[in-house]
Amino acid sequence: MPGLEMTALVEETLDGTNRGSTDSTRKSQIKKRRTPSDATNNNTDIDPVNQQLIGIDGKWYDVTSFIPHHPGGEIIKLFAGKDASAVFRGFHERDVLKNRKPVGQYTRDCSQKIHKAFADLHLYFQHEGYFKTSLQWYAVKVIITFTLLLTSIYLVVSCQEWHYHYLGAVFLAAFWQQNGFFMHDAMHTQIFHNRWIDNWLGTFFGTACFGISGSWWRDEHFYHHALVNTIDSVNNQRLDPQMQEPIWAQNKKLCRFYQTYIQYLFIKIQHITFIPVCVFIGRIGITIDSFKQERRIHELLAGLIHWTWVLLLVLQLPTLREKLIFYGIASSCEGILHIQLLVSHYAKPFFDLDKISTSLDWYEMQIKSNINIVCPEWLDWFHGGLNFHIEHHLYPLMPRHNYRRASRHIKRVCHELGLEYDECPWSTAIVRTLRCLRQMSIHFKLDPR
């Protein structure tokens with residue numbers, strides 16, 4: 001659609017618009033702070049930061065009593081005193097504010113072209129149905145995915161040759177990978193746009209089928225989306241839990257967090273260990289991480305279901321050697337998923353919390369911290385739609401089957417604003433990640449000076 005026509009549509013829409021356990025660990029990391037803001041407070045009798053006020057579309061909302069009940073956890077505190085309009089739109093439907101009254105007003109900086117462009121694009125996508133889910137599309141995907149599991153079972157149970165058994169392990173890995181994507185979609189409420197239903201689906205796909213705690217993953221993923229590649233220099237904290245590992249330092253801003261000689265040795269060879277660790281240890285590591293502090297009964301029961309059906313399948317194999325090789329192949333092939341997720345961010349910049357939603361627009365941060373993977377449409381299934389990582393981070397509620405259509409609009413807006421729309425083939429993204437890790441391994445020193 002031409003830009004002028006879309007602008008007219010957006011203006012028309014604007015006129016008619018009036019819209020766990022890991023979490024408890026992170027609660028201790030969030031401290032009160034006074035942050036700069038790009039918003040001018042129009043009410044001299046309120047203190048947006050210390051009163052825990054969140055700015056949305058020119059209005060201050062008091063969230064002090066709501067913080068303990070916020071589904072996304074205490075991350076909401078980190079946006080106190082800031083204009084959080086962009087991140088709010090990314091995670092919520094507008095009607096969540098219908099029962100909340102503003103306590104004040106503020107004036108936005110009207111020169112923020114980036115914010116306005118992507119906020120207008122959000123309204124355009126809403127009007128054109130980009131946020132509507134095709135349940136038929138998901139039904140087909142679910143049928144195909146469970147056919148992978150049935151194929152794995154058939155090859156294990158009905159075939160005698162070892163090579164068929166090991167082929168079954170590959171199909172099992174594909175089943176796990178696709179369920180990881182379903183968990184991701186459900187925990188973003190992309191499927192039914194109903195938190196209760198989608199969270200249960202996330203537990204089914206993630207915990208019972210994929211094998212990691214879906215709720216644990218969701219809690220961490222909220223932080224990842226809201227503050228991707230972000231650190232807090234004031235309190236010396238890493239805020240994006242899904243972009244930190246104890247043996248990798250992919251950006252110079254992370255060097256301060258590594259202080260042992262063992263970490264120094266691992267970082268010096270991180271460009272060598274990255275792919276082997278993702279492939280051979282990735283699944284084991286994330287499984288342990290997701291359950292080591294998990295206390296939610298429904299997640300533990302779903303985890304028990306997962307290990308029950310996996311063990312029943314593995315026990316069908318004739319020898320201990322085949323059992324171990326079978327699970328090793330399945331786990332290693334699924335480890336490719338961890339490479340898929342990390343290469344979208346590891347070679348991109350890191351940011352400081354105090355600049356987010358102030359001097360650095362939230363939309364701009366999302367664009368600068370993501371890489372899209374170029375591939376033909378028929379390969380979207382392999383990447384779970386996350387080859388359009390820029391689109392996903394800008395508009396997390398958008399179902400993945402609409403990313404490809406949305407990408408041409410986002411690419412055009414980036415071009416108009418002079419923003420880099422970073423995209424490359426998957427192999428190139430891996431090479432860029434390894435080069436970044438190599439460069440950091442050369443420059444890394446334990447001496448903080």
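Which side chains meet in a salt bridge at 3.5 Å, N to O, with Glu334 as one of the two partners? In this predicted model, the partner of Glu334 is Arg283, and their side chains meet at 3.5 Å, N to O. The pair links distant parts of the chain, with Glu334 in helix 12 (residues 320-334) and Arg283 in helix 10, 51 residues apart, and both Glu334 and Arg283 are buried.

**Salt bridges**

The structure holds 15 salt bridges, including the three set out here.

| Salt bridge | Closest N to O |
|---|---|
| Glu334 and Arg283 | 3.5 Å |
| Asp289 and Lys292 | 3.5 Å |
| Glu416 and Arg412 | 3.1 Å |

In the pair of Asp289 and Lys292, Asp289 counts as partly exposed because its relative accessibility is 33%, whereas Lys292 counts as exposed because its relative accessibility is 53%. Glu416 and Arg412 both lie in helix 17, 4 residues apart, which is about one turn of the helix; Glu416 counts as exposed at 53% relative accessibility, and Arg412 as partly exposed at 21%. Elsewhere, Arg218, Asp219, Glu294 and Arg296 are joined into one network by salt bridges that share partners.

**Nonpolar cores**

The largest nonpolar core has 52 residues, of which Phe79, Phe118, Phe125, Leu227, Tyr363, Tyr395 and Ile410 touch the most other members. Among the elements that give two or more residues to this core are strand 2 (53-56), helix 3 (85-91), helix 8 (214-226) and helix 17 (403-417), while helix 4 gives the most, with 7 residues. Leaving aside neighbours within four places in sequence, Tyr363 is in contact with Ala86, Arg89, Ile114, His115, Phe118, Ala119, Leu394 and Tyr395. A second, separate core of 30 residues includes Trp176, Phe182, Ile286 and Phe326.

**Helix 6**

Helix 6 (residues 162-187) has 26 residues and should therefore span 38 Å at 1.5 Å a residue, which agrees with the 38 Å between its end C-alpha atoms. The helix is mostly covered, since 19 of its 26 residues are buried, and helix 6 is followed by Thr189, whose phi is positive, near 55°.

**A nonpolar surface patch**

In soluble globular proteins, nonpolar side chains tend to be buried together. On the surface of this model, however, Tyr261, Ile262, Leu265, Phe266, Ile269 and Ile272 make a nonpolar patch of about 580 Å². Helix 9 (residues 261-268) supplies the largest share of the patch, 4 residues, whereas Ile269 has its place in the loop between helix 9 and helix 10 (270-291). Ile269 is partly exposed because its relative accessible area is 36%.

Terms used. Residues are numbered from 1 along each chain as its sequence is written. This is a predicted model: local features need pLDDT of at least 70, side-chain atom pairs count only at pLDDT 80 or more; totals for chains, interfaces and linings use all residues. Side-chain values use heavy atoms; hydrogens and water are left out. A nonpolar core is a set of buried Ala, Val, Leu, Ile, Met, Phe, Trp, Tyr and Cys residues joined through side-chain atoms within 4.5 Å. Buried means under 20% relative accessible area, exposed over 50%, partly exposed in between (1.4 Å probe, protein chains only). Contact means heavy atoms within 4.5 Å. Patches are made of residues with over 30% relative accessible area and no salt bridge: like charges are joined within 9 Å, nonpolar side chains (Val, Leu, Ile, Met, Phe, Trp, Tyr) within 5 Å. Accessible areas come from the Shrake-Rupley method with a 1.4 Å probe; for residues, only the protein chains shown count as cover. A salt bridge is a side-chain nitrogen of Lys or Arg within 4 Å of a carboxyl oxygen of Asp or Glu. The expected span of a helix is 1.5 Å times one less than its number of residues.
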